[in-house]
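This report is meant for a reader who has not seen this structure before. It goes from single residues to the sheet, the helix and the core.

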Amino acid sequence: FIGGGAAVYKVGPKEARIEVVSCSLAHISYFRTGLRGVLLGIGSVFTQKLYVNEVPSRSTPDSIVFRGSWV
């Protein structure tokens, strides 16, 4: 990828928002599902149970927003 970026924001004590912006593949549902799986795989190293869901984004069509929570 050229350009774009990702950020993680703390929303609560056990909750975070993950944003990926300027991603040319964001409009492809297969890519969004795969990225969700990658986030689950990475996060499962640090916690016993992790939930990651895609949040409808009000941003541009080339961005993806996920919300993660863990136990």
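## A loop residue, then the fold

Ser22 is found in the loop that links β2 and α1. The model is a predicted one. In it, Ser22 has a phi near 55°, which is a positive value in a residue other than glycine. Most residues other than glycine have a negative phi. Ser22 is partly exposed, because its relative accessibility of 43% falls between the limits of 20% for buried and 50% for exposed.

The strands come next. Four of them make an open sheet in the order β1-β2-β4-β3, and the pairing is antiparallel. β1 and β3 are the edge strands, each pairing on one side only. Direction ignored, neighbouring strands of the sheet are turned by 20° against each other on average.

Two of the pairings can be set side by side.

| Strand pair | Sense | Bridges | Residues standing opposite |
|---|---|---|---|
| β1 (residues 5–12) and β2 | antiparallel | 7 bridges | Gly12 and Glu15 |
| β2 and β4 | antiparallel | 6 bridges | Ile18 and Phe66 |

β1 and β2 also form a hairpin, with 2 residues between the strands.

Along β2, the side chains alternate between two faces. Ala16, Ile18 and Val20 point to one face and are buried. Glu15, Arg17, Glu19 and Val21 point to the other face and are not buried.

Which residues make up the largest nonpolar core? There are 9 of them: Ile18, Val20, Cys23, Ala26, Leu35, Leu50, Val52, Ile64 and Phe66. At least two residues of this core are supplied by each of β2 (15–21), β3 and β4 (64–70). Ile18 and Val20, both members of the core, are among the residues of β2 that point to its buried face. Ile18 and Phe66 both belong to the core, and the two stand opposite each other in the pairing of β2 with β4.

The helix α1 lies across β2, β3 and β4, and runs at about 155° to β3. Arg32 is a residue of this helix. Its side chain reaches the backbone oxygen of Ala26 at 3.0 Å. Apart from neighbours within four places in sequence, Arg32 is in contact with Ala26, His27, Glu54, Ile64 and Phe66. Of these partners, Ala26, Ile64 and Phe66 are also listed in the largest nonpolar core.

After the helix comes another loop residue. Thr47 sits in the loop between α1 (29–43) and β3 (50–55). Is Thr47 buried or exposed? Thr47 counts as buried, because its relative accessible area of 16% is under 20%. The side chain of Thr47 reaches the backbone oxygen of Val71 at 2.6 Å. With neighbours within four places in sequence set aside, Thr47 is in contact with Trp70 and Val71.

The two loop residues can be recalled together: Ser22, between β2 and α1, is partly exposed, whereas Thr47, between α1 and β3, is buried.

Methods:
Residues numbered from 1 in each chain as written. Predicted model: local features only at pLDDT ≥ 70, side-chain atom pairs only at ≥ 80, totals over all residues. Heavy atoms only, no water. Helix = DSSP H or I, 4+ residues; strand = E, 2+ residues; numbered from the N terminus. Buried < 20%, exposed > 50% of the residue type's maximum accessible area, 1.4 Å probe, protein only. Polar contact = N/O pair within 3.5 Å; in protein donor to acceptor, adjacent residues only side chain to side chain. Contact = heavy atoms within 4.5 Å. Core = buried A, V, L, I, M, F, W, Y, C linked by side-chain atoms within 4.5 Å. Pairing = 2+ DSSP bridges. Axes fitted to C-alpha atoms, helices over the stretch in contact; angles between N-to-C directions.
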